[in-house]
2 protein chains.
Amino acid sequence: MSDDPFNLIASALSQRDPVVIKSERTRQAILEAALTFLWSRPFRVMTVRQLMAMTEVSRPAFYQYFQDLQQLMEALLGMLATEILAACEPWITNTGDPVVLVRESLTGLVSVCHRRGPFVKAIADAATTDERLERAWLAFVQQFDDTVDKRIRMDQELKLTAEFDPRPAAHSLNMLNAYTFISKFGRHPRSDPEPVRQALIRIWVSTLYGSRWAESECSQLERIR
Amino acid sequence: MSDDPFNLIASALSQRDPVVIKSERTRQAILEAALTFLWSRPFRVMTVRQLMAMTEVSRPAFYQYFQDLQQLMEALLGMLATEILAACEPWITNTGDPVVLVRESLTGLVSVCHRRGPFVKAIADAATTDERLERAWLAFVQQFDDTVDKRIRMDQELKLTAEFDPRPAAHSLNMLNAYTFISKFGRHPRSDPEPVRQALIRIWVSTLYGSRWAESECSQLERIR
DNA sequence: TTTACTAACTGACACTATGTCAGTATAATC
DNA sequence: GATTATACTGACATAGTGTCAGTTAGTAAA
């Protein structure tokens, strides 16, 4: 295994489900086992038995910490969400040339999702098997929709972006990202992230700021100068 | 149930799995039961027992026609594939103003995928639960990748489209469509197709032919005139 | 050091779904 | 009417899930 998937766990301590936690040590061991498992095998073949065989404790112990495998996946989603949202920061919060910012955010996002690819796929796969987790995944995606929608409205007011209904475009662009990452980075061997990054930048920039600015690495402001 | 999901079956007679078919009548009854079931309930709650309870025959009879639920879903994919590919015809094969053609194709695609939304979602959901079906779904998507890739190359040679690596862009744009449809039309109540159509047209046209042509319904040639 | 208490864990059970197979019933053919 | 083939079924073996009564390990008071 590469890409140090375990440092995910440290950042997950904040995000916790409302079940009574017995031993933090064991909980972590289960999460680590899940990450180890899902790095190389798909969610569909993960069973509670196999998972717990990777730990020191028995199968029933699993149910002390999680209702089922889907709730465990929800915990993993919580970990990833933090990491992924952080990568998008620039375009979301910063001001300045939006083409430069969207480039930065997409570059960060591609990097994170390449690094965590198999986990992202595992979570999305698991989401189709359980209503509760599907809702959590949907809420995660919707968070992005809201953010992108807001940013598009802002850019439209500044006349940086053409007038169009931002909501469905935002949602579609987010689906574009999510499932491009899942299909390109979710299975081994993962695709080279660079062509993916370029394709996404092209599509986002063309759609939001016009194709003139999508051609090269240089920004709108630089071109105007 | 609306949108007459059953006329799908007629077109599926060509596409058949290499299992020995006993009675075409029973096979059709099972497929119809699956369509009825999946129109209103997700794939994850469909069991062989429940499915066969909707027919006149017993549960073991199911295994005379399909290896498992995933193979049944593969048959449904075959049906949908025909319908969906037909909708994309204009932009794929016709010549003429590509903006008009891409509009036509996307309009057709949105219409079909809205009509079959729950089935599209059911197939994509099922694909995550089985390696064989996942491969079939991937092959289906790849068919589109090849087609779009080819068309982009053609337009690049004609200088209608900017120079960029077509393959990853084609793949991403297809993911955009597929998972926009699944999330917007896959669950009841389905979204209004019109805003989705407009968003997709905007993104595809902006990316491929520049944002100037994405603004209104009128085409590139009309504008030049 | 023994005793009492509690948190963490486990063996065994009931349940559900799957896929298979030997065998039955029905229809077709001679 | 006997023979064969086809379509179907009851019953079984297996595998996974979630639960619960009960055991073990750890801690604190007497």
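**Exercise 1. Low-confidence stretches**

Find where pLDDT stays under 50 in chain A of this predicted model, and state how many contacts beyond four places in sequence the model has there.

*Solution.*
Step 1. Start towards the beginning of chain A: over residues 13–20, pLDDT stays under 50, and the model has five contacts beyond four places in sequence for this stretch.
Step 2. Now go to residues 218–225 of chain A, where pLDDT again stays under 50 and the model has nine such contacts.
Step 3. Set these stretches beside the whole chain: the mean pLDDT of chain A is 88, with 84% of its residues at 70 or more.

**Exercise 2. The make-up of chain A**

Work out how many helices and strands chain A has, and what share of its residues count as buried.

*Solution.*
Step 1. Count the elements: chain A has 11 helices and zero strands.
Step 2. Write them in sequence order, and the pattern reads α-α-α-α-α-α-α-α-α-α-α.
Step 3. Turn to burial: 42% of the 225 residues of chain A count as buried.
Step 4. Look at how far apart contacting residues are in sequence. Among contacts in chain A with a separation of 6 or more, 66% join residues 24 or more positions apart.

**Exercise 3. Two packed helices**

Describe how helix 2 and helix 7 of chain B pack, and say which residues make the contact.

*Solution.*
Step 1. Recall what is needed: two packed helices are described by the angle between their axes and the distance between the axes.
Step 2. Read off both values. Helix 2 (residues 24–40) and helix 7 (residues 117–127) of chain B meet at an angle of about 95 degrees, and their axes are 8 Å apart.
Step 3. Name the arrangement: this angle makes helix 2 of chain B roughly perpendicular to helix 7 of chain B, because angles of 65 to 115 degrees count as roughly perpendicular.
Step 4. List the partners. Helix 2 of chain B brings Leu35(B), Leu38(B) and Trp39(B), while helix 7 of chain B brings Pro118(B), Phe119(B) and Ala122(B).
Step 5. Sort them by class: six are nonpolar, none polar and none charged.

**Exercise 4. Two copies, one axis**

Explain how chain B is related to chain A, and describe the contact they share.

*Solution.*
Step 1. Superpose the chains: a rotation of 180 degrees, with 0.0 Å of shift along its axis, places chain B on chain A with an RMSD of 0.0 Å.
Step 2. Draw the conclusion: the two copies are therefore related as by a two-fold rotation axis.
Step 3. Find the residue of chain B closest to the rotation axis, which is Leu176(B), with its C-alpha at 2.1 Å.
Step 4. Compare the surfaces: both copies use the same one, as 100% of the contact residues of chain B recur in chain A.
Step 5. Count the contact residues, 28 from chain B and 28 from chain A. Helix 9 (166–185) and helix 10 (193–209) of chain B each supply at least two residues of the side that touches chain A. That side of chain B has 12 nonpolar, 11 polar and five charged residues.

**Exercise 5. Unusual backbone**

Locate the cis peptide bond between His188(A) and Pro189(A), and decide whether Lys159(A) is buried or exposed.

*Solution.*
Step 1. Remember the background: most residues other than glycine have a negative phi, and most peptide bonds are trans.
Step 2. The bond from His188(A) to Pro189(A) is cis, with omega near -5 degrees. Pro189(A) sits in the loop between helix 9 and helix 10 of chain A.
Step 3. Lys159(A) has a positive phi, near 60 degrees, and lies in the loop between helix 8 (131–157) and helix 9 of chain A.
Step 4. Lys159(A) counts as exposed because it has 8 C-beta neighbours inside 10 Å.

Notes. Residues are numbered from 1 along each chain as its sequence is written. Chains are lettered from A and ligands numbered from 1 in the order in which they are written. This is a predicted model: local features need pLDDT of at least 70, side-chain atom pairs count only at pLDDT 80 or more; totals for chains, interfaces and linings use all residues. Two residues are in contact if their C-beta atoms, placed from the backbone, lie within 7 Å. Helices (H or I, at least four residues) and strands (E, at least two) are DSSP runs, numbered from the N terminus. Ala, Val, Leu, Ile, Met, Phe, Trp, Tyr, Cys and Pro count as nonpolar, Asp, Glu, Lys and Arg as charged, and the others, Gly among them, as polar. pLDDT is the predictor's confidence in each residue, from 0 to 100. Axes are lines fitted to C-alpha atoms, for helices over the stretch in contact, and angles run from 0 to 180 degrees between N-to-C directions. Angles under 35 degrees count as roughly parallel, over 145 as roughly antiparallel, 65 to 115 as roughly perpendicular and the rest as oblique. Copies are superposed by least squares on the C-alpha atoms of residues with pLDDT of at least 70 in both. A residue is buried if 20 or more other C-beta atoms lie within 10 Å of its own, exposed if 12 or fewer, and partly exposed in between; C-beta atoms are placed from the backbone.
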